[in-house]
Every structure is written in structure tokens, then in C-alpha cells.
Amino acid sequence: MGVLGELWDDGTKLVGDVVEVGKDVLMAPAEIAHWALTQMFGGGEADLQKISAELKALSKELDVLTKDINSTLGKLSWHGPASDAFVAVAHSRVKEMNQISDDLTTLGESVDRLSKVY
């Protein structure tokens, strides 16, 4: 093999090494994410899907609770300034509960997506 052949082999090896380093750099975040998920949730796809389902169920329970509160507020026979103040505060709390419900749904969807790439 001549000098040209040796240079070609060295160049091919160098390119191969660069590709391997590139793979390591690209795979490191996936491996780190896999490790972090295992540490946080202790399992694989099934555990993440279970957590996702629980988060979505909590969101639905909170939705039912806020509807019950709104229904009860609509049936109050108490009237006057104190009643108005109470209803205003209750409605602001219901608004906060709705935001929490939305956040739980979003979190559940995110965990579900994680389970698919896990």
C-alpha cells in the first residue's frame, strides 16, 4: 500500500472517529434524559403512562368540583353586599382552580409524550 493508500485509510479513520464523537454528543442528552426519568419516576413507559393518566384524572376531578361550586353559587339565597363579596372571592378561586386543572392536563400530556420517547 502506498502513501496515498495510507493517507486514505487515515482520512477514513478520522472521519469515522468524528462521526462517533458526533453520535456521542447527540446521544448524551437522550441518555441523560433517560437517566433523569428513571430517577424521577423509577420505571419505564408504563409508569409514565400511569402518572399521565393520574394527572389527567385529577384535572377532571377538579373540573367537576369547580362546576359543583359554580352551581352552588348560582343557587345561593343569601343576598347583599356580603354575599356579593363572598361570590366574587369564590369565583376568583374557581378561576384559579380552572387554571390548575388546565396545568394538570398539560402536565399529563407532557408526561405522556415523554413516555413515548422514553
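Which are the buried residues of α3? A few friendly notes on this predicted model follow, starting with that question.

1. **The buried residues of α3.** They are S83, V87, A90, V94, M97, S101, L104, G108, V111, D112 and S115. These buried residues of α3 pack against α2. Hydrophobic names such as V87 and L104 sit in that list beside others such as S83 and D112, and a few of these residues come back in the points below.

2. **The overall layout.** The protein chain has three helices and zero strands, and from the N terminus the order of elements reads α-α-α. Of the 118 residues in the protein chain, 17% are buried. The accessible surface of the protein chain is about 8,800 Å², and carbon and sulfur atoms account for 65% of that area.

3. **Contacts along the sequence.** Take the contacts in the protein chain between residues at least 6 apart in sequence: 78% of them join residues at least 24 apart. One pair to look at is R93 and T66, which are 27 residues apart in sequence, with a C-alpha to C-alpha distance of 9.1 Å. T66 is among the buried residues of α2, while R93 lies in α3.

4. **Helix α2.** This helix covers residues 45-74, which makes 30 residues, and its first and last C-alpha atoms are 44 Å apart, close to the 44 Å expected at 1.5 Å a residue. Its buried residues are L48, S52, L55, S59, L62, T66 and L73. An α-helix has 3.6 residues a turn, so residues three or four places apart point the same way. It is worth having that in mind when you view the lists for α2 and α3 on the structure.

5. **Helix α3.** Running over residues 81-117, helix α3 has 37 residues and reaches 55 Å from its first C-alpha to its last, close to the 54 Å expected at 1.5 Å a residue. As noted in the opening point, the partner against which its buried residues pack is α2.

6. **S59 and its partners.** If you want one residue for a close look at the packing, try S59, which lies in helix α2. S59 counts as buried because its relative accessibility is 2%, under the 20% cut-off. Setting aside neighbours within four places in sequence, S59 is in contact with S101, L104 and T105. Two of these, S101 and L104, appear among the buried residues of α3. The side chains of S59 and T105 are also joined by a polar contact of 2.6 Å.

7. **S83 and W78.** S83 belongs to helix α3 and is buried, at 4% relative accessibility. Where does the side chain of S83 reach? It comes to the backbone oxygen of W78, at 2.8 Å.

8. **The aromatic pair.** W78 also takes part in the one aromatic pair that the structure holds. Its partner is F86: the ring centres are 5.7 Å apart and the planes stand at 45°, so the pair is tilted rather than stacked or edge-to-face. W78 is partly exposed, with 41% relative accessible area, and F86 is partly exposed too, with 42%.

9. **Salt bridge R93–E96.** The structure holds two salt bridges. Side chains of opposite charge can pair when their charged atoms come close. R93 bridges to E96, with the closest N and O atoms 3.2 Å apart. Both residues lie in helix α3, three residues apart, or about one turn of the helix. R93 is partly exposed at 45% relative accessibility, and E96 is partly exposed at 41%.

10. **Salt bridge K116–D112.** How far apart are the closest N and O atoms of K116 and D112, and what do they form? The answer is 3.2 Å, in a salt bridge. K116 and D112 both lie in helix α3, four residues apart, about one turn of the helix. Are K116 and D112 buried or exposed? K116 counts as exposed, because its relative accessibility is 61%, and exposed means over 50%. D112 is buried, as its relative accessible area of 19% is under the 20% cut-off. That puts D112 in the list of buried residues of α3 as well as in a salt bridge.

Notes
Residues are numbered from 1 along each chain as its sequence is written. This is a predicted model: local features need pLDDT of at least 70, side-chain atom pairs count only at pLDDT 80 or more; totals for chains, interfaces and linings use all residues. Side-chain values use heavy atoms; hydrogens and water are left out. Helices (H or I, at least four residues) and strands (E, at least two) are DSSP runs, numbered from the N terminus. Buried means under 20% relative accessible area, exposed over 50%, partly exposed in between (1.4 Å probe, protein chains only). Rings of Phe, Tyr and Trp (its six-membered ring) pair if their centres lie within 6.5 Å; planes under 30 degrees apart count as stacked, over 60 as edge-to-face and the rest as tilted. The expected span of a helix is 1.5 Å times one less than its number of residues. A polar contact is a pair of N or O atoms within 3.5 Å; within protein, one must be able to donate a hydrogen and the other to accept it, and residues adjacent in sequence count only if both atoms are side-chain atoms. Contact means heavy atoms within 4.5 Å. Accessible areas come from the Shrake-Rupley method with a 1.4 Å probe; for residues, only the protein chains shown count as cover. A salt bridge is a side-chain nitrogen of Lys or Arg within 4 Å of a carboxyl oxygen of Asp or Glu.
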